[in-house]
Amino acid sequence: NYATSAAGSVQVELQDESGQSLPGFAIVDAVPMYGDELDAMVKWKLSDDVSPLAGNPVRLRFVLQDADLYALRFAPLAATE
């Protein structure tokens, strides 16, 4: 759940527990999110599938430009997605 101004954006980076960017999930790989969304899915250029990371500690880095972040959750994809 986030909201940005017309010029704002939200990007998410996944990092290992030491703070190093995970390959394919670095901030340069993140697809910027714009607007006012209640349930948008975070995406990266190479893959949106974070399931290979399950069971491993990860850190999230949020880069907000004129934006507000209200909530987040991890959820399995629906069978139709």
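Alanine 54 counts as exposed in this predicted model, its relative accessibility being 60%, and because that value lies over the 50% cut-off the assignment follows directly. The residue is placed in the loop between E2 and E3. Between the C-alpha atoms of alanine 54 and valine 42 there is a separation of 16 Å, the two residues being 12 apart along the chain.

From this loop one can turn to the strands themselves, which form an open sheet of three in the order E2-E1-E3, with antiparallel pairing. Strand E2, covering residues 36-37, and strand E3 are the edge strands, each of them pairing on one side only. Strands of a sheet pair through backbone hydrogen bonds, in either a parallel or an antiparallel sense. Here E1 and E3 pair in the antiparallel sense over 10 bridges, while two bridges join E1 to E2, again with the strands running antiparallel. Alanine 3 offers a convenient point from which to follow both pairings, since it stands opposite aspartate 68 in E3 and also opposite aspartate 36 in E2. Elsewhere along the pairing with E3, glutamine 15 stands opposite arginine 59.

Strand E1 is mostly covered, with 11 of its 14 residues buried, and this strand also figures in the largest nonpolar core. That core is made up of 11 residues, namely Tyr2, Val10, Val12, Leu14, Leu22, Phe25, Ile27, Ala30, Met33, Trp44 and Ala67, and its largest share, four residues, comes from E1. Methionine 33, one of the core residues, can be followed through its contacts: leaving aside residues up to four places away in sequence, it touches Tyr2, Thr4, Gly8, Ser9, Val10, Val12, Met41 and Val42.

Among these partners of methionine 33 is threonine 4, a residue found in strand E1. Threonine 4 has a relative accessible area of 15%, and it is therefore buried, the cut-off being under 20%. With the same exclusion of residues up to four places away in sequence, threonine 4 touches Ser9, Val10, Met33, Tyr34, Gly35, Asp66 and Ala67.

Which residues form the salt bridge that a search of the whole structure finds? Glutamate 13 pairs with arginine 61, the closest N and O atoms being 3.6 Å apart. The pair links distant parts of the chain, since glutamate 13 belongs to strand E1 (residues 2-15) and arginine 61 to strand E3 (residues 59-69), with the two positions 48 residues apart in sequence numbering. Side chains of opposite charge can pair when their charged atoms come close. As to their surroundings, glutamate 13 is buried, with a relative accessible area of 3%, whereas arginine 61 is partly exposed, with a relative accessible area of 35%.

There remains the nonpolar part of the surface, where Val58, Leu60, Phe62, Leu64, Leu69, Leu72 and Phe74 make a patch of about 570 Å². Leucine 69, one of the patch residues, lies in strand E3 and counts as partly exposed at 32% relative accessibility. Because patch residues must have over 30% relative accessible area, leucine 69 satisfies that requirement with its 32%.

Definitions and conventions:
Residues numbered from 1 in each chain as written. Predicted model: local features only at pLDDT ≥ 70, side-chain atom pairs only at ≥ 80, totals over all residues. Heavy atoms only, no water. Salt bridge = Lys/Arg side-chain N within 4 Å of Asp/Glu carboxyl O. Buried < 20%, exposed > 50% of the residue type's maximum accessible area, 1.4 Å probe, protein only. Core = buried A, V, L, I, M, F, W, Y, C linked by side-chain atoms within 4.5 Å. Contact = heavy atoms within 4.5 Å. Pairing = 2+ DSSP bridges. Patch = residues over 30% accessible without salt bridge, like charges linked within 9 Å, V, L, I, M, F, W, Y side chains within 5 Å. Areas by Shrake-Rupley, 256 points an atom, 1.4 Å probe, with all protein chains shown as cover.
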